[in-house]
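Please open the model in your viewer and keep the selection panel at hand, since this tour moves from one selection to the next.

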Amino acid sequence: MEVVIKGILTNFTAFIMSIIITVFPYAGIKAPVVKTLSDDCLLNVEVFSDTHISEKELSRQAFLKWGLKNISKAESQVDAIVLAGDVTDNGDEASLTRYYEIVNKYSPTQIIATSGNHDIGHTGVDSKASISREEAMANFIRYRNEYMGRNDKVNYFSTEINGYKFIVLGDEVVDGGDGDIITMKPEQLDFLDRELADGTKDGKPTFVVCHWPISGINGEKIVWDGMGIKREQYNVQGILEKYDNVFYISGHIHSGIKAKAVEDKYGLSSAEQVNGVTYINLPTYGKINLYGAPWSGLGAQLEVYENEVVFRPRNFITNNWYENAEYHFELVK
């Protein structure tokens with residue numbers, strides 16, 4: 001939190017303007033239903049991050065229920081939901097159990113979830129959860145396996161939705177892990193390379209889901225410097241850049257939905273392309289956001305069409321769409 005406050009004070013003008021320009025958008029806020037832009041949508045996925053479910057924190061549980069109920073009333077087909085980490089607030093098994101109780105009862109479709117630093121890194125002596133990071137990782141994998149009908153032994157995997165590949169990366173607690181920074185083994189990076197080669201071989205977009213953003217992208221250095229994956233540590237970015245039509249979905253830095261005007265003026269973005277890769281950083285769903293629309297319930301709808309992928313930010317609780325923060329990314333053919 002100290003790092004976040006320092007970041008805000010250092011970039012106070014950008015912080016204030018990013019909220020104002022998003023809350024009072026030049027293109028308007030549209031409501032209310034979940035619906036694709038066009039009926040020829042090939043894949044429709046709801047994406048959000050950082051639900052921070054806690055067994056004793058009832059408001060965040062309610063936020064997740066309301067959002068899933070709204071999605072279940074969608075006028076267009078919803079093919080999947082992606083949750084980019086920090087499913088729980090403390091990594092304790094009671095909160096993980098509560099999350100899956102809510103999901104099993106209210107979600108209209110399968111949720112593809114990756115772990116975040118709060119699910120694994122924030123356990124042990126520095127957290128309300130007394131289990132070790134290794135135990136927290138094992139619990140996360142076990143619960144996800146049971147929910148998805150998988151048998152993964154490691155904290156990463158890939159799956160397909162409507163013929164489109166989703167590659168899910170995760171912390172492996174190397175040498176005891178780190179409270180806030182991802183740790184990865186070389187095998188996971190090799191896995192990412194192989195899966196990207198396979199997913200993109202026919203020109204289809206492929207989606208990589210990881211809680212941590214890439215260092216220096218989506219305003220990471222302004223919002224929460226040092227929380228991204230550095231190229232010199234794990235060359236995730238270099239692997240992504242080898243392939244066309246790659247979309248990297250992250251969370252972690254609790255940065256709210258921002259209008260395009262904020263990106264143009266301050267370099268803060270919810271979605272941007274760097275060296276051919278599209279990077280999407282999602283706001284926190286369960287807590288208050290910084291820089292941009294601040295409230296809970298924020299996420300986006302990703303729509304895949306024959307020639308483009310559309311990023312459409314929205315509030316899953318109120319159903320508002322943020323049209324001034326909508327991006328259209330043309331696919332490489």
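Select Q273 in this predicted model and display what surrounds it: leaving aside neighbours within four places in sequence, Q273 is in contact with T278 and F329. If you show side chains, you can follow the polar contact that the side chain of Q273 makes with the side chain of T278, at 2.9 Å. Q273 itself belongs to strand β9, which covers residues 271-274, and with a relative accessible area of 44% it is partly exposed. Add F247 to the selection and draw a line between the two C-alpha atoms, which lie 9.1 Å apart in space although Q273 and F247 are separated by 26 residues in sequence.

Next, go to N117, which sits in helix α5 (residues 117-120). Is N117 buried or exposed? Its relative accessible area is 2%, below the 20% cut-off, so N117 counts as buried. Not counting residues up to four places away in sequence, N117 touches D86, H122, G179, D180, H211, W212 and H252, and these can be selected together as one group.

For the last stop, turn to the empty space inside the model, where the count comes to 1 cavity of 30 Å³ or more. The largest cavity holds about 50 Å³ of space, and to find it you can select its lining residues T88, G91, D92, L96, D119, A136, N139 and F140. Colouring by helix is useful here, as helix α6 (residues 133-148) contributes the largest share of that lining, with 3 residues. Coloured by residue class instead, the lining of the largest cavity divides into 3 nonpolar, 3 polar and 2 charged residues.

Methods:
Residues numbered from 1 in each chain as written. Predicted model: local features only at pLDDT ≥ 70, side-chain atom pairs only at ≥ 80, totals over all residues. Heavy atoms only, no water. Helix = DSSP H or I, 4+ residues; strand = E, 2+ residues; numbered from the N terminus. Buried < 20%, exposed > 50% of the residue type's maximum accessible area, 1.4 Å probe, protein only. Contact = heavy atoms within 4.5 Å. 1 Å grid on protein atoms, 1.4 Å probe; cavity = no way out; pocket = protein on both sides within 12 Å on 5 of 7 lines; lining within 4 Å. Points joined across faces, edges and corners; volume = space filled by probe spheres on them. Nonpolar A, V, L, I, M, F, W, Y, C, P; charged D, E, K, R; others polar. Polar contact = N/O pair within 3.5 Å; in protein donor to acceptor, adjacent residues only side chain to side chain.
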